[in-house]
Amino acid sequence: MRTISVEQELQRVSGVAVCMMLALGFLLFVLWRMQIGRGWQYQSSHEQQSVRRIRVPAQRGTIMDRNGERLAENQPCYGIAIYLEELRQAGPRGKVVDRACELIARMAALTGLEPQLARSQIETHLVKRKPLPLVAWRNVGEPAMARLAESSEPLPGVDILVEARRAYPQGALAAHLLGTIGRADAPDTEEDEEARYNYYLPDMEGRGGLEKKYNDRLAGKAGGRLVRVDVSGYRFDDLSVREARRGGDLRLAVDVRIQRLAETLIADTAGAVVVMDPRNGDVLALCSSPAFDPNAFSPAIPAGLWNALRQDPRLPLLNRAVDGAYAPGSTFKPFVALAALQSGKADSHVAFLCPGYFNLGGHQFRCHQSVAHGRVDLVRALEVSCNVFFCQLGLQCGVENIVAWASGAGVGRKTGIELDHESAGLLPDPAWKQKKYREGWWDGDTCNLSIGQGALLVTPLQMAVATAVIANGGLAVRPRLVLGVREPGEAAFREVPPEPANRLNLDSSALDRVREGMRAVIHSPSGTGARALVPGVLMAGKTGTAEYGLKGEHRQHGWMVVFAPFYEPRVVAVMMMDEAVSGGISVGPRLQKLMSGIFALPDLQDGG
């Protein structure tokens, strides 16, 4: 039997000890390398796997009228949310869905609310948005919230969710002016903001009106949250929050008192009203009827309501004041008179004989009800709206001069107002007709143009700008909707100055003659606009009636334009009705109520 010496045994033990020390050293080196040498890499990998970035949308800025009355704001919207991480059970994901469905059913019985989530929606939330609360109900009313708060029944994972909702406290007031909002589409490139977030909660963006035009200023800057999730993807902890920065505010030129009065006066008909300050272009009111409630669009309009609005034959989505183009009828006659006087084709004493009709070739132009006005001068022709006079004056003036001076006043081109879809209207001339119909311009076309008929089309806003030229002595102002802007944290608004106006070189005697005729329209007992007379307020104006539709339908637009006070005008008002007997009969009394209400306001009472 072989024996092992003590010396050999010691060598063996030493070898084993050395191997153990080497192994231990290697393990220590690996641990050092993992925790210290490459620890930052593993830490980064851990954070990438366990941290989720959530985008928090910003609140939009406020829109208010010139006196501080709120037109668009943010209001708290209460909802009921479920934190699914508190419903977890061992086993498949379906158990969490079952518990969520049971919890929603219990809350529905407790609050009286109808369940709004299907099982498939809960499953989708678990797959795609697990760290976020599951919103079971939005826009929950006070009674349901009170029943939930008073309940003693245990409701695990249930919490009250408060979100900002875009609200329009005046309802449908100024709807076409303010516009609508909707959820912003997520960016579609990898280099954009969405790539930095695991969960992208979108902002509300403007889809029309001032909400769209000033979206960049109103929208603000989004914030964010860092949330740690566990190995199953459920929220474990909130790490940090970067607060969203709310958007800036707008102060409008609109006066809610005038806007509300104007909308009330045309609420029963289709039409438009524009009220403007001729000195600077401030739009005091701009309304179109019928309208819609922009609250229905926040946060998203139901498909049924959207389809109903689009298919409504009354066209409630159409902004008639800006996008509606109509024949102006006799409201165009003052500009024909100005063109004739300014071009030297007629003097202030021009007069024509009116037997009630004017024959041109085989066509006959008639005055209203074929009334024979006798020999009429310019003032009288405007007062009674004599078609015969203006047919002859238009032929004497010439289409080129009419088009030149009407265009200078703003007819036939966009005003530049800060709203989408503005119509340029149409100011026809020989070049247009040749291009459109490949035929020459006839004297009959000039007669039609001279009485505001034929191919001529204008918007109510254009007529307000053009009437302001006569009211203010020759300034073609640009309509101004926004008076000031204010950034978050600022106390005062910074003024948005009016755009420079174009000045027309109008002869004072010619202008005085036209204004005198327009004053007679209202203040003479035989004036076509006498129904618009407001006691104590000296005004000038012009009525208009324009046929449209198929021949024989006898459908007519009714118009009236006014400015006041006569000597120092501060208000221009235009009203158009889709269906009217005539401008004087249908529009005149409504405009009387409008101007009476405006000059009853404490800051506008002087009507001299």
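Author: A residue is buried when its relative accessible area is under 20%, exposed when that value is over 50%, and partly exposed in between (1.4 Å probe, protein chains only). By this rule, buried residues make up 49% of the 608 residues in the protein. The model is predicted: local features need pLDDT (the predictor's confidence in each residue, from 0 to 100) of at least 70 and side-chain atom pairs count only at pLDDT 80 or more, while totals for chains, interfaces and linings use all residues. Residues are numbered from 1 along each chain as its sequence is written, and side-chain values use heavy atoms, without hydrogens and water.

Reader: Thanks! What share of the residues reach a pLDDT of 70 or more?

Author: The share is 88%, and the mean pLDDT of the protein is 88. Residues 40-49 have a pLDDT below 50, and beyond near neighbours in sequence this stretch has three contacts (heavy atoms within 4.5 Å) in the model.

Reader: Good to know. What makes Arg166 and Glu211 a salt bridge?

Author: The rule asks for a side-chain nitrogen of Lys or Arg within 4 Å of a carboxyl oxygen of Asp or Glu. The closest N and O atoms of Arg166 and Glu211 are 3.0 Å apart, so the pair meets that cut-off. Arg166 sits in strand 5 (residues 158-167) and Glu211 in helix 7 (residues 209-213), so the pair links distant parts of the chain, 45 residues apart (helices are DSSP runs of H or I with at least four residues, strands are runs of E with at least two, both numbered from the N terminus). Both partners are buried.

Reader: Why can Asp578 and Arg320 be said to tie together parts of the chain?

Author: Asp578 lies in the loop between strand 23 (571-577) and helix 19 (583-598), and Arg320 in the loop between helix 10 (303-311) and helix 11 (333-342), so their salt bridge joins parts 258 residues apart in sequence. Their closest N and O atoms are 3.3 Å apart. Asp578 counts as buried because its relative accessibility is 14%, and Arg320 is buried too, at 3%.

Reader: And what about Glu383 and Arg380, are they buried or partly exposed?

Author: Glu383 has 8% relative accessibility and so counts as buried, while Arg380 is at 31% and therefore counts as partly exposed. Their salt bridge (2.8 Å, N to O) stays within helix 12 (residues 378-384), where the two are three residues apart, about one turn of the helix. The structure holds 28 salt bridges.

Reader: Let's turn to rings. Why is the pair of Phe332 and Phe335 called tilted?

Author: Rings of Phe, Tyr and Trp (its six-membered ring) pair if their centres lie within 6.5 Å; planes under 30 degrees apart count as stacked, over 60 as edge-to-face and the rest as tilted. The centres of Phe332 and Phe335 are 6.2 Å apart and their planes stand at 40°, so this pair is tilted. Phe332 is buried at 0%, and Phe335 is buried at 4%.

Reader: How do you know that Phe566 and Tyr567 are edge-to-face?

Author: Their planes are at 85° and their centres 5.0 Å apart, so they pass both cut-offs. Phe566 counts as buried, at 4% relative accessibility, whereas Tyr567 counts as exposed, at 57%. Elsewhere, Phe292, Phe297 and Trp306 form one aromatic cluster.
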